[in-house]
Amino acid sequence: MQRTDAELIRRSREADGDAFAELVRRYEKRVFGIVYRMLDDYAEATDITQETFIKTYTHLDQFDDERPFMPWLATIALNLARNSLASIWAKRQALDDDLSSNTDEFTCLEVLDEVQSVLSHLTPEQREVIVLRHISDLTYEAIAEATGEKVSTVKSRLFEARQRIKLLRIHEEAKL
Amino acid sequence: MMCLSDDELQMLADNALDKKDRTRALSHIKSCAHCQEQYTQIQSVFTFLESEPAVNLPAGFADAVAACAVGKYPPLADTRLNISVAQPVPTNQVRTKRMQNRIKDIAIAAVVAITLSILLNWLSSNSLGTAVDALGYDLDTMDIPFAYAMLLFTLTIGVFVIDAFMYRRFNKLNIHGRDRK
């Protein structure tokens with residue numbers, strides 16, 4: 001029988017490594033999804049995902065057992081990803097400058113999937129709400145809590161982002 | 001029935017409408033080609049966005065992270081145990097401990113003050129005193145009440161400094177049950 005989140009959290013607080021590993025397995029894809037879609041950098045996303053779970057473990061005693069686990073986890077992941085964004089952009093800018101004269105190497109760095117390519121055209125705020133809604137499956141209220149925005153702001157950002165994605169996809173299809 | 005607004009269509013796709021509004025919206029979509037097309041477009045964006053990344057975490061990630069977290073940091077249970085077990089220290093014990101600390105501080109301050117007074121005395125009677133005089137400190141003219149005042153001043157400052165340090169440490173240990181890193 002599958003153990004509940006509450007049980008796994010309780011056992012993790014008692015330093016049960018297996019219980020914590022099961023908790024990580026349960027959420028790793030979604031956390032990695034948030035971070036990877038936000039940063040578009042595999043190595044950094046893996047590091048931040050690891051950091052998210054370690055931070056989660058060290059702060060488990062602060063988690064309110066009455067509330068769902070994913071929004072709390074998503075908030076930690078989002079904050080760490082935000083902190084990492086600035087350094088990623090600086091690194092990428094330097095790399096772009098280096099590769100500007102070498103097109104062969106640049107081709108190797110093309111984004112791996114279409115979603116990532118589309119997300120790169122959104123503002124960081126739009127990207128956040130899209131990632132939290134579609135990768136983490138959070139409600140409007142949970143997204144508002146994670147981003148520190150109003151529910152109405154979340155809804156309008158989601159709408160704008162989806163409209164933009166729709167247009168970008170139409171544009172991409174027209175090019176083919 | 002009027003066509004669904006953008007907000008309603010989005011909320012329907014996000015499963016954020018209540019049961020009654022959801023039923024109403026779905027029945028409208030069945031009979032309205034325009035809303036049906038809009039809804040299909042939103043759903044296609046959803047399907048697109050929810051496709052999995054082309055890359056995955058390395059195999060064994062969960063076990064490695066759990067081992068790192070549990071091994072690297074002290075067991076949470078122990079920390080919680082320390083906090084919950086730590087009982088409030090009885091007031092009389094606190095007073096005794098403070099008194100002991102204060103006596104210890106006074107003793108240390110006295111040693112410092114006596115050492116300073118011996119040094120002062122030596123400077124005034126030694127040739128070094130001339131050098132000190134040259135700097136503007138006329139030690140020969142210091143009278144006894146002034147020397148005592150200086151001694152008392154040094155003693156008081158010493159007691160305050162050491163007491164503040166000792167009290168803070170004692171207080172910190174008892175609040176958290178252990179030294180924090």
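These are numbered notes on a predicted two-chain model, chain A with chain B.

1. Overall build of chain A. Chain A has nine helices and zero strands. From the N terminus on, its elements run α-α-α-α-α-α-α-α-α. Of its 176 residues, 48% count as buried. Look at contacts in chain A with a separation of 6 or more: residues 24 or more positions apart account for 61% of them.

2. Extent of the interface. On the chain B side, 35 residues are in contact with 42 residues of chain A. The area buried between the two chains is about 3600 Å². Carbon and sulfur atoms give 69% of that area.

3. Polar links across the interface. Between chain B and chain A the count is four salt bridges. One of them joins B:Asp14 to A:Arg133, with the closest N and O atoms 2.7 Å apart. The rule also finds 10 residue pairs in polar contact across this interface, both residues being at pLDDT 80 or more.

4. What chain B brings to the contact. Four of its elements give two or more residues to the side that touches chain A: α1 (6-13), α3 (33-49), α4 (61-72) and α5 (76-85). Which of the elements gives the most? That is α4(B), with eight residues. By class, this side of chain B has 22 nonpolar, six polar and seven charged residues.

5. Helix α7 of chain A. This helix spans residues 124-134, and nine of its 11 residues are buried, so it is largely enclosed by the rest of the structure. The buried set includes charged side chains: A:Arg127, A:Glu128 and A:Arg133 are among them. A:Val129, A:Ile130, A:Val131 and A:Leu132 also belong to the buried set. So do A:Gln126 and A:His134. A:Arg133 is the salt-bridge partner of B:Asp14, so this buried residue of α7(A) takes part in the interface.

6. A stacked aromatic pair. The structure holds seven aromatic pairs over all chains. How are the rings of A:Phe32 and A:Tyr36 arranged? Their centres are 5.5 Å apart and their planes are at 10 degrees, so the pair is stacked. Both residues sit in helix α2 (residues 17-39) of chain A, four residues apart, and are separated by about one helical turn. An α-helix has 3.6 residues a turn, so residues three or four places apart point the same way. A:Phe32 is buried, with a relative accessible area of 3%. A:Tyr36 also counts as buried, at 3% relative accessibility.

7. An edge-to-face pair. The rings of A:Phe63 and A:Phe69 have centres 5.3 Å apart and planes at 85 degrees, so this pair is edge-to-face. The cut-off for that class is over 60 degrees. A:Phe63 is buried at 7% relative accessible area. A:Phe69 is buried at 4%. Both belong to one aromatic cluster with A:Tyr27 and A:Trp72.

8. A:Asp5 and its surroundings. A:Asp5 lies in helix α1 (residues 5-13) of chain A. Its side chain makes a polar contact with the side chain of A:Arg26, at 2.7 Å. Leaving out residues up to four places away in sequence, A:Asp5 touches A:Leu23, A:Arg26, A:Tyr27 and A:Phe69. Two of these neighbours, A:Tyr27 and A:Phe69, are members of the aromatic cluster in the previous point.

9. B:Thr23. This residue is found in helix α2 (residues 19-31) of chain B. Is B:Thr23 buried or exposed? It is exposed, with a relative accessible area of 51%. The cut-off for exposed is over 50%. The side chain of B:Thr23 reaches the backbone oxygen of B:Lys19 at 2.7 Å. B:Leu12 is 11 residues away along the chain, and the two C-alpha atoms are separated by 9.8 Å.

10. Positive phi in two loops. A:Ala15 has phi near 65 degrees, a positive value in a residue other than glycine. Its place is in the loop between α1 and α2 of chain A. A:Ala15 is partly exposed, with a relative accessible area of 22%. A:Asp40 is not a glycine either, and has a positive phi of about 60 degrees. A:Asp40 lies in the loop between α2 and α3 (42-58) of chain A.

Notes: Residues are numbered from 1 along each chain as its sequence is written. Chains are lettered from A and ligands numbered from 1 in the order in which they are written. This is a predicted model: local features need pLDDT of at least 70, side-chain atom pairs count only at pLDDT 80 or more; totals for chains, interfaces and linings use all residues. Side-chain values use heavy atoms; hydrogens and water are left out. Contact means heavy atoms within 4.5 Å. Buried area is the accessible area (1.4 Å probe) that two parts lose on being put together, summed over both. A salt bridge is a side-chain nitrogen of Lys or Arg within 4 Å of a carboxyl oxygen of Asp or Glu. A polar contact is a pair of N or O atoms within 3.5 Å; within protein, one must be able to donate a hydrogen and the other to accept it, and residues adjacent in sequence count only if both atoms are side-chain atoms. Rings of Phe, Tyr and Trp (its six-membered ring) pair if their centres lie within 6.5 Å; planes under 30 degrees apart count as stacked, over 60 as edge-to-face and the rest as tilted. Buried means under 20% relative accessible area, exposed over 50%, partly exposed in between (1.4 Å probe, protein chains only).
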